[in-house]
Amino acid sequence: AAAGTQYLGLGLYVVAEAVIFTPLLYILHLRPGGDDVILQAGVLTFVIFGGLTLVVLLTRADFSFLRNVLWLGMLGAIGLMLVAAFTTFSLGTWFVGGMVLLMAGFILYETSNVLHHYHTDQHVAAALAVTSSLATLFWYVLQLVSAFGDD
């Protein structure tokens, strides 16, 4: 696709994430201690993302071998979400922790793909891949920090 179309798609994705996250962060902000939870989740997400990115850049390892494991993990997670949506099954903190690990795997995989497999003219697609996993990681880290803050 033309570069303009790619940038439009990336822009729409960023706007969609803002539409999703803004009300959720505002509601959390209104809760006592909510600002601390948001800050802690942001810092923890930054540390996880930065550490994983450094692993890829310093080792120059190709993590494309994770592809099938990550897809199976995602299919399992979607299956659990569907079961929880239609039954009384609760996903709980273990699920959230598993999703943090799964997103960490996706960040390794996608950052490695940026380094080894994307062409220089595919920078928009690369940005979208990494950004989507980063946003999802933040969502689950936010839930995890929020869950431990409720104790």
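Guide: A residue counts as buried when its relative accessible area is under 20%. This is a predicted model, and the values below are computed from it.

Visitor: What share of the 151 residues of the protein chain counts as buried?
Guide: The cut-off is under 20% relative accessible area. The protein chain has 151 residues. Those that count as buried come to 32%.

Visitor: How many helices does the protein chain have?
Guide: From the N terminus on, the elements run α-α-α-α-α. The count of strands is zero. The count of helices is five.

Visitor: What are the spans of the C-alpha trace along its principal axes?
Guide: The trace is that of the whole protein chain. Along its principal axes it spans about 45 × 35 × 30 Å.

Visitor: How much of the exposed area of the protein chain do carbon and sulfur atoms supply?
Guide: The chain exposes about 9,300 Å². The part supplied by carbon and sulfur atoms is 73%.

Visitor: Which element gives the most to the largest nonpolar core?
Guide: In soluble globular proteins, nonpolar side chains tend to be buried together. Here the largest nonpolar core has 33 residues. The elements giving two or more residues to this core are α1, α2, α3, α4 and α5. The most, eleven residues, come from α4.

Visitor: Which residues have the most contacts inside the largest nonpolar core?
Guide: Three residues of this core share that description. One of them, L102, touches L70, G73 and M74, not counting residues up to four places away in sequence. The residues with the most contacts inside the core are M99, L102 and M103.

Visitor: T45: buried or exposed?
Guide: T45 has its place in helix α2. Its relative accessibility is 4%. Buried means under 20%, so T45 counts as buried.

Visitor: Which residues is T45 in contact with, leaving aside its neighbours within four places in sequence?
Guide: Contact means heavy atoms within 4.5 Å. Neighbours of T45 within four places in sequence are left aside. That gives L134, L137, F138 and V141.

Visitor: How far apart in space are T45 and W139, C-alpha to C-alpha?
Guide: In sequence, T45 and W139 are 94 residues apart. In space, C-alpha to C-alpha, they are apart by 9.2 Å.

Visitor: What share of the contacts with a separation of 6 or more comes from residues 24 or more positions apart?
Guide: The share concerns contacts in the protein chain with a separation of 6 or more. Residues 24 or more positions apart account for 79%.

Visitor: Why do the rings of F21 and W139 count as edge-to-face?
Guide: The structure holds four aromatic pairs. In the F21 and W139 pair, the ring centres are 6.3 Å apart. F21 lies in helix α1 and W139 in helix α5, 118 residues apart. Planes over 60 degrees apart count as edge-to-face, so the F21 and W139 rings qualify with planes at 75°.

Visitor: Is W139 buried, partly exposed or exposed, and what is its relative accessibility?
Guide: Its partner F21 is buried, with a relative accessible area of 12%. Residues from 20% to 50% fall in between buried and exposed. W139 counts as partly exposed, at 29%.

Visitor: Which helices do F95 and Y140 lie in?
Guide: The rings of F95 and Y140 have centres 6.4 Å apart and planes at 75°, so this pair is edge-to-face too. The pair ties together parts that are 45 residues apart in sequence. Both F95 and Y140 are buried. F95 lies in helix α4 and Y140 in helix α5.

Visitor: Which residues form one aromatic cluster?
Guide: The ring pair F21 and W139 is edge-to-face. F138 belongs to a cluster with these two. The cluster is F21, F138 and W139.

Visitor: Where in α1 does a kink lie?
Guide: α1 has 28 residues and reaches 40 Å, close to the 40 Å expected. Its buried residues include L10, Y13, E17 and F21. The kink is about 25° and comes shortly before the proline P23. Its place is F21.

Visitor: Which residue just after α2 takes a positive phi?
Guide: α2 has 26 residues and reaches 37 Å, close to the 38 Å expected. Among its buried residues are G34, V37, A41 and T45. Just after α2 comes a positive phi of about 55°, at R60.

Conventions. Residues are numbered from 1 along each chain as its sequence is written. This is a predicted model: local features need pLDDT of at least 70, side-chain atom pairs count only at pLDDT 80 or more; totals for chains, interfaces and linings use all residues. Side-chain values use heavy atoms; hydrogens and water are left out. A nonpolar core is a set of buried Ala, Val, Leu, Ile, Met, Phe, Trp, Tyr and Cys residues joined through side-chain atoms within 4.5 Å. Buried means under 20% relative accessible area, exposed over 50%, partly exposed in between (1.4 Å probe, protein chains only). Helices (H or I, at least four residues) and strands (E, at least two) are DSSP runs, numbered from the N terminus. Rings of Phe, Tyr and Trp (its six-membered ring) pair if their centres lie within 6.5 Å; planes under 30 degrees apart count as stacked, over 60 as edge-to-face and the rest as tilted. The expected span of a helix is 1.5 Å times one less than its number of residues. The bend at a residue is the angle between axes fitted to the seven residues ending there and the seven starting there. Accessible areas come from the Shrake-Rupley method with a 1.4 Å probe; for residues, only the protein chains shown count as cover.
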